Amino acid sequence: MEEVQRHSVHTLVFRSLKRTHDFFVANQSLLPEVDESLEKLKYNIKARDAYGLVLDRAAKSKALAAKRADSDRLDGQQGGKDNGKKYLTALLPTTTPSSQNTSNAVQILPKKAPTIPKPKWHAPWKLCRVISGHLGWVRCVAVEPGNEWFATGAADRVIKIWDLASGKLKLSLTGHVSTVRALEVSPRHPYLFSCGEDRQVKCWDLEYNKVIRHYHGHLSAVYTMSLHPTIDVLVTAGRDSTARVWDMRTKANIHTLTGHTNTVASVVTQAANPQIITGSHDSTVRLWDLAAGKSLCTLTNHKKSVRAIVLHPTLYMFASASPDNIKQWRCPEGNFIQNLGGHNSIVNCMAVNPEGVLVSGGDNGTMFFWDWRTGYNFQRFQAAVQPGSMDSEAGIFSMTFDQSGSRLITTEADKTIKIYKEDDEATEESHPINWRPEIIKRRKY
């Protein structure tokens with residue numbers, strides 16, 4: 001029985017194979033014949049499109065070679081009297097440009113070697129003032145648009161306003177019930193905005209030194225904030241993994257920007273697209289469309305949490321900082337430019353001035369000064385821990401340049417505010433650029 005079944009299956013397979021073979025053989029005669037002239041024309045068009053310049057040069061050199069062969073043949077027919085002259089002509093160098101391309105080989109122009117830009121010289125920075133007055137870690141700083149005073153917020157829940165020229169305390173504002181994490185001063189209104197770990201976002205009227213508005217909505221600590229430069233809009237972000245866009249006047253929550261999967265540690269705003277950029281502990285940087293309230297793109301190049309983002313004041317670029325690297329990007333798509341490596345700690349904050357000096361502050365109290373364009377690290381700085389603080393309290397939490405870009409204000413874990421300025425006595429001879437660009441070998445993955 002089994003043998004009969006096997007035989008029938010065998011027969012069926014062979015029949016189906018034969019049917020298929022017959023079907024395709026019958027169809028073979030219906031295929032069009034290949035027109036060789038058309039095929040040749042097609043290949044000529046393709047070659048002309050891809051290698052037009054090379055073909056032209058080859059044709060010219062062939063024509064010159066043929067012309068030269070003809071002239072040599074004619075000279076040979078003239079007789080032996082011109083042989084001496086011909087021999088001399090062959091030895092003498094020709095000056096006509098047409099005779100330079102007589103070889104059949106196509107001349108390939110040498111490629112220009114890529115040039116690495118040299119960094120601009122920047123004067124080294126030095127510590128010029130230490131201000132103490134806070135009773136806890138000083139977490140944030142903001143400079144007033146008129147460049148007369150600056151405000152700091154700390155873990156002692158107090159916002160203090162200091163005179164920028166003298167460093168004297170002008171005012172203390174109390175109202176937060178937990179650490180003040182971010183401050184912003186409005187350039188168009190007499191308003192100071194503050195946020196903190198108590199989930200509160202406050203608007204202070206600086207004419208009366210009182211809170212006039214609260215922005216309710218965050219579900220956890222608010223770590224960062226930014227004022228839009230042209231619209232009356234405030235953006236806050238924090239531990240609830242969202243950034244919220246507020247109407248400054250009506251206190252309305254216009255957008256809640258969701259997408260990050262961990263704490264949003266830094267937010268910046270600008271007038272051009274992308275109008276909002278956020279950096280998060282989920283190791284990503286997101287670019288947002290303010291009008292739509294949606295994410296335009298997500299930059300996933302960082303391997304560790306992004307705690308600081310800074311916009312360049314004049315170039316259409318920004319930088320993001322993570323313990324692995326500081327990365328520079330070009331707006332609006334967020335195209336990667338270069339890595340700035342060297343920090344061996346968590347980078348808490350960054351600041352950049354119009355001269356192209358980028359400063360980054362680490363959790364171990366180190367400050368690195370970079371040339372923005374080339375990524376050259378021209379100075380490394382570590383200020384001594386102030387008396388009364390533990391040696392471990394050496395972190396830099398925030399930093400900003402004043403409006404002129406000539407003074408740098410840092411707030412630190414030793415409860416002090418430090419002001420740095422450029423060394424006026426330094427010259428290019430006393431502090432030369434010691435720049436050795438590394439040739440980065442491409443890794444094979």
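**Exercise 1. Find the order of the strands β22, β23, β24 and β25 in their open sheet, and say how they pair.**

Solution.
- Step 1: Trace the sheet in this predicted model. Its 4 strands lie in the order β22-β23-β24-β25, and the sheet is open.
- Step 2: Check the pairing, which is antiparallel.
- Step 3: Look for the edges. Strand β22, residues 347-352, is one edge strand, and β25, residues 377-382, is the other. Each of these pairs on one side only.
- Step 4: Consider the twist. Ignoring direction, neighbouring strands in this sheet are turned by 20° against each other on average.

**Exercise 2. Work out how many bridges join β24 to β25, and which residue stands opposite T366.**

Solution.
- Step 1: Locate β24, which covers residues 366-371.
- Step 2: Count its links to β25: there are 5 bridges, and the two strands run antiparallel.
- Step 3: Start at T366 and look across to β25, where Q382 stands opposite.

**Exercise 3. Explain why C195 forms no bond with C140, and decide whether each cysteine is buried or exposed.**

Solution.
- Step 1: Begin with the total, as the structure holds 0 disulfides. C140 is in none, and its nearest cysteine sulfur belongs to C195.
- Step 2: Compare the distance with the cut-off. A disulfide needs two cysteine sulfur atoms within 2.5 Å. The closest cysteine sulfur to that of C195 is in C140, 7.4 Å away, so the gap is too far for a bond.
- Step 3: Turn to accessibility, where buried means under 20%. C140 has 3% relative accessibility and therefore counts as buried. C195 is buried too, because its relative accessibility is 0%.

How values were computed:
Residues numbered from 1 in each chain as written. Predicted model: local features only at pLDDT ≥ 70, side-chain atom pairs only at ≥ 80, totals over all residues. Heavy atoms only, no water. Buried < 20%, exposed > 50% of the residue type's maximum accessible area, 1.4 Å probe, protein only. Pairing = 2+ DSSP bridges. Axes fitted to C-alpha atoms, helices over the stretch in contact; angles between N-to-C directions.
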